[in-house]
Amino acid sequence: MAGGGSAIRGSRVGAGPMGEAERGEAAPRQAVTYFCSRGHTSVVTFSVEAVAPDSWDCPKCGLPAGRDSDNAPPATKVEPYKTHLAYVKERRSDVEAANILDEAIQLLRSRRKSGDIIF
């Protein structure tokens, strides 16, 4: 591309030595410190008008963090991924599964004998 004679090339809106006089004053803020069970400390800034939550996810490890440094919340238990078969096995016993399988096989065999093959 051909270079133009733009005087603001490479700058962004709001950049410059203007400071707070041009942008206005920042909203009043409060800093809240959170502690996780691995010993990480996180400082999160909220508006003074906002109610700070009791817990916050630690940005370093992802565990829940609380406001009390002596009693950090415990790590949540992570459930392993379950397959569809695992959920079915929770609902059905081995005997029920065998009965359902036998019924399905009998139905397929009866359809084959009568010529109604369904794929």
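This presentation describes the fold, the sheet and the nonpolar core of one predicted protein chain.

Good morning. The model is predicted, so I begin with conventions: local features need pLDDT of at least 70, side-chain atom pairs count only at pLDDT 80 or more, and totals for chains, interfaces and linings use all residues. Residues are numbered from 1 along each chain as its sequence is written, and side-chain values use heavy atoms, with hydrogens and water left out.

First, confidence. By pLDDT, the predictor's confidence in each residue from 0 to 100, the chain has a mean of 84, and 77% of its residues reach 70 or more. Among the elements, strand S1 (residues 29-36) has the highest mean, 95, and helix H1 (residues 20-23) the lowest, 64. Where pLDDT is low, the predicted coordinates should not be read in detail.

Next, the overall layout. The chain contains three helices and four strands; these are DSSP runs numbered from the N terminus, with helices (H or I) of at least four residues and strands (E) of at least two. Along the sequence the pattern is α-β-β-β-β-α-α. Of the 119 residues, 10% count as buried, where buried means under 20% relative accessible area, exposed over 50%, and partly exposed in between, with a 1.4 Å probe and protein chains only.

How are the strands ordered in the sheet? The open sheet of four strands has the order S2-S1-S4-S3, with antiparallel pairing; two strands pair if DSSP finds at least two bridges between them. Strands S2 and S3 (55-57) stand at the edges with a single partner strand each, so one side of each is left without a neighbour in the sheet. From one strand to the next, the twist averages 40°, with axes as lines fitted to C-alpha atoms and angles from 0 to 180 degrees between N-to-C directions.

Let us now consider the pairings of S1. Seven bridges join S1 to S2, and two join S1 to strand S4 (residues 64-66). Within the first pairing, Arg 29 has Ser 47 as its bridge partner, and Tyr 34 has Ser 42. On the S4 side, Cys 36 stands opposite Ala 65. The hairpin of S1 and S2 has four residues between the strands, and Gly 39 there takes a positive phi near 90°.

Which residues make up the largest nonpolar core? There are eight: Val 32, Tyr 34, Cys 36, Val 44, Phe 46, Ala 52, Cys 58 and Ala 65. Such a core is a set of buried Ala, Val, Leu, Ile, Met, Phe, Trp, Tyr and Cys residues joined through side-chain atoms within 4.5 Å. S1 and S2 are the elements that give two or more residues to this core, and S1 gives the most, with three.

Two residues of S2 and its surroundings deserve a contrast. Is Ser 42 buried or exposed? Ser 42, in strand S2 (residues 41-47), is buried, because its relative accessible area is 6%. Beyond four places in sequence, its contacts (heavy atoms within 4.5 Å) include Val 32, Tyr 34 and Cys 58. Cys 58 in turn touches Cys 36 and Ala 65, among others.

Pro 28, by contrast, lies in the loop between H1 and S1 and counts as exposed, because its relative accessibility is 57%. Pro 28 nevertheless touches Phe 46, Ser 47 and Val 48. Its C-alpha atom is separated by 6.2 Å from that of Ser 47, 19 residues apart along the chain.

Thank you for your attention.
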